[in-house]
Structures are given as C-alpha cells and as structure tokens.
Amino acid sequence: MSLLEKIKSLSQVYTSQVVEFRRHLHANPELSYKEFNTVKYVREQLRSFGIEPREVATTGLVAEIKGRNATKKTFALRADMDALPITEANDVPYKSINTGVMHACGHDVHTSSLLGTARILQEVKDQFEGTVRLLFQPGEEKNPGGASYMIRDGVLKNPQPSGIIGQHVFPILPVGKIGFREGMAMASADEIYLRVIGKGGHGAAPDLAIDPIVIASHIIIALQQIISRNANPRQPTVLTFGNIIGKGATNIIPDEVNIAGTFRAMNEEWRNSGLEKIKKMAESMAEGMGGKCEVDISRGYPYLENNPELTRRIKAAATEYVGKENVVDIDITLGAEDFSYYSQVIPASFYRIGTRNEAKGITSYVHTPTFNIDEDALTISTGLMAWMAIKELET
Ligand SMILES: [Zn+2]
Ligand SMILES: [Zn+2]
C-alpha cells in the first residue's frame, strides 16, 4: 500500500474517534483564553497517542511528532480551540452544556481534526523524514489573538519551521471540497471608538449649546471619504460604524456622542496611514465645529497573505488527495484571522474545508446559533492535513 493510500485508510479508521473528540469539545465549549478543560482534554488525547505536549500561552499546547532524520526539517500545523458567547439553538445530542457559550466558528472541528491528523502522523512516523510541530492555540476570537501569545512563547523557534498551515470550516463550500487562495486572503481588523464631546442644552436653543449629534453625523459621513478618495481602489478596504449612542431627547441636546466601528484593510502600509487619517479627520472636524473628539483605536489582527509557493504546493497535495474536481479557488474575504500573525514570521497558508450539506439542512454561517457541520468533513480533513505535512517535509 502506498503512503497516500495508508493515510486515507487510517483517516477512515479514526473517523469515529475524531467525531467523538469533536462532539465532546462541541458540548463543552470555553471562551477565549479560558480553554482550561479543552487543553486538559487535548493533552490527554495526545498522550494516549504517545505524544507529549508542552504548555504555552497559558491555555495553549505545542507538541512534536518526529519522523526519521527528525532534524532535517520542521513543518507546523495549527488549530484554534476557543468558542463564542452565543447560545446554541441546534437540537443535537452534543449540544453545548455551557449556557451562552457555543463552538459557532468550528474551532471544535479544527481541534479534533488536528488530533486525528496527529494520530495518523504518529502511526506513520517511520515513513517520513523530518518533524511535524502541532500548535493548539487559545483565543482566536478575541484581541490580541492567541497566535500572538503562541509566537511570544517561542512556538516558531528552535528550530524555526519552514512553514505553517491552518484550516477553517467553510459553510459556503459543500462538504468534500477544499478551498485555496494565493496571496491576499483576509483583512486586518481594527476597532475604532470615537467620543464626540460638545455641550448639552435645550433643543430649542442650539446657539447656547455645541451639538455633538451634528458633529458626529458630519464625522461619520466625512470618514467614508477616506475610503473612497484616499484608499487605493485596487485594494479592498472597509470602514463600518455599527454603533452610535447619543442620549439626548427630542428637546435635549446631549453632552456627548459615542461611535464605534471597524476598519479593515488588505495592506499593512495603508492600514497604518488609514488609521492615522481617520484620527486626524475626526479630531479636526470636531474642533472646527467647536467640539472635541477623542479617538481610541484598538488594533486587531494584521492582514493575511497566503505565501504563494506554499499555497501552490499544498493545493497540489490536496489535488492528489481529494482529486482535481474537489479543489477550488476561493475569493478574498474582509473577515480577519489571527493566523495572520504566523504569516508575518514564516511562510504560511490558510485553507478552507467545505462543511455544507443542503440535503442534511446544514447551511448556517459561522457565528450563528444554528451553525453546524457535516461531520464527513472530518474524514477528509484529518488525512488531508497529514498528507500536506508529509509532502511539505519532502520538498
Ligand atoms: Zn470566528
Ligand atoms: Zn474561526
């Protein structure tokens, strides 16, 4: 039997166990940076395969599977483990038992899948050369991003891996399909908080007040000009304000208005200059109208660029594994992922695993209370990632 066939058959054999892992994690979700029981569970499984992990980033794990000639090359595989503050609406036997917390982004799938991949690699470790490093990270859903803590704690050192890959469930793609994208892939995401300060008063006497509602309205409209007039039209960018609070009344001008929004970019240079422009314009407009604007920017994840060569190679490996008809190119998205931190250090590629199945009624998007996956995706994802890692160690 070829190694490819062996991996495929092992992924079949281990599917039921991986589904069990996924359902356990799904029923017991934990919020970002609080993945204590998840880490305990993942550690126990790894140990049962004969793999000894090391604790990093408080609620993260790193482990290695050494093949023959282990120092030849190291390649890294990443999974995220945190859940979201959402109350699950699915009626399934493995429904979340932690009220108000749900694996609505599929990180239970990523974690259980990487466990399956680890088990397969451990079983065939005398059939490849080099080392596979496994990264189980906390806090993908919350700034500053668990990936930044993993890197701080040295997971990309001693030795530095030649590259890293990560996968994400994708409810747009039917189960069986795998999606790739070279280069520009996902956006940076920064949070913008504006506090527009005026001077409250009677609604019938605006001359005695400084109206922060009018100032805030001008700022919101004016800031969109930065997107339409300053941003490079060939690079997608978004500025959205989804929250505005001004607590006056029909006849009361309030003292202040608070606005919150998100700024997204696909170029680090533009990201920095865009944020600078937003701050300057908001401050100076408020000042010009007799008020004041305090600008608070909470920096989120950087822009994600998938290394073109690495992406081409893992796509070729996927073509061998699932067939050309099941490998698709996907579009950019202005969503953000903290996997991008790894891409700033070493060649990285993030791909999508199809989880949709209309016949089974599985169509909900991530971050919704009815999100679920077709678990057949796990049979593919475990072996596929093992095959990609082995091919990468061979190059
Ligand atoms: Zn998410
Ligand atoms: Zn996610």
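P144 sits in the loop between strand 4 and helix 4 of this predicted model. The peptide bond leading into P144 from N143 is cis, with omega near 5 degrees. A cis bond also joins N158 and P159, where omega is about -15 degrees; P159 belongs to the loop between helix 4 and strand 5 (164-174).

The loop that holds P144 also contributes to a metal site. The zinc ion (ligand 1) is coordinated by C105 through SG, by E141 through two OE contacts and by H367 through NE2, at 2.0 to 2.8 Å. Along the sequence these donor residues follow the spacing C-x35-E-x225-H. E141 lies in the loop between strand 4 (131-137) and helix 4 (146-152), and H367 in the loop between strand 16 (348-356) and helix 9 (376-394), so the pair ties together parts that are 226 residues apart in sequence.

The geometry of the site is irregular because the 4 donor atoms around the zinc ion (ligand 1) subtend angles of 51 to 147 degrees; a tetrahedral assignment would need all angles between 85 and 135 degrees. C105 also bridges to a second metal, the zinc ion (ligand 2), and the two zinc ions lie 3.2 Å apart.

E141 is partly exposed, at 22% relative accessible area, and H367 is partly exposed as well, at 39%.

The backbone of H367 has a positive phi of about 70 degrees, although H367 is not a glycine. Y33 likewise has a positive phi, near 70 degrees. Y33 is placed in the loop between helix 1 (3-27) and helix 2 (36-48), and its relative accessibility of 22% makes it partly exposed. Most residues other than glycine have a negative phi, and most peptide bonds are trans.

Methods:
Residues are numbered from 1 along each chain as its sequence is written. Chains are lettered from A and ligands numbered from 1 in the order in which they are written. This is a predicted model: local features need pLDDT of at least 70, side-chain atom pairs count only at pLDDT 80 or more; totals for chains, interfaces and linings use all residues. Side-chain values use heavy atoms; hydrogens and water are left out. Four donors count as tetrahedral if all angles lie between 85 and 135 degrees; four count as square planar and six as octahedral if opposite donors are over 155 degrees apart and all others between 65 and 115; anything else is irregular. Helices (H or I, at least four residues) and strands (E, at least two) are DSSP runs, numbered from the N terminus. Buried means under 20% relative accessible area, exposed over 50%, partly exposed in between (1.4 Å probe, protein chains only).
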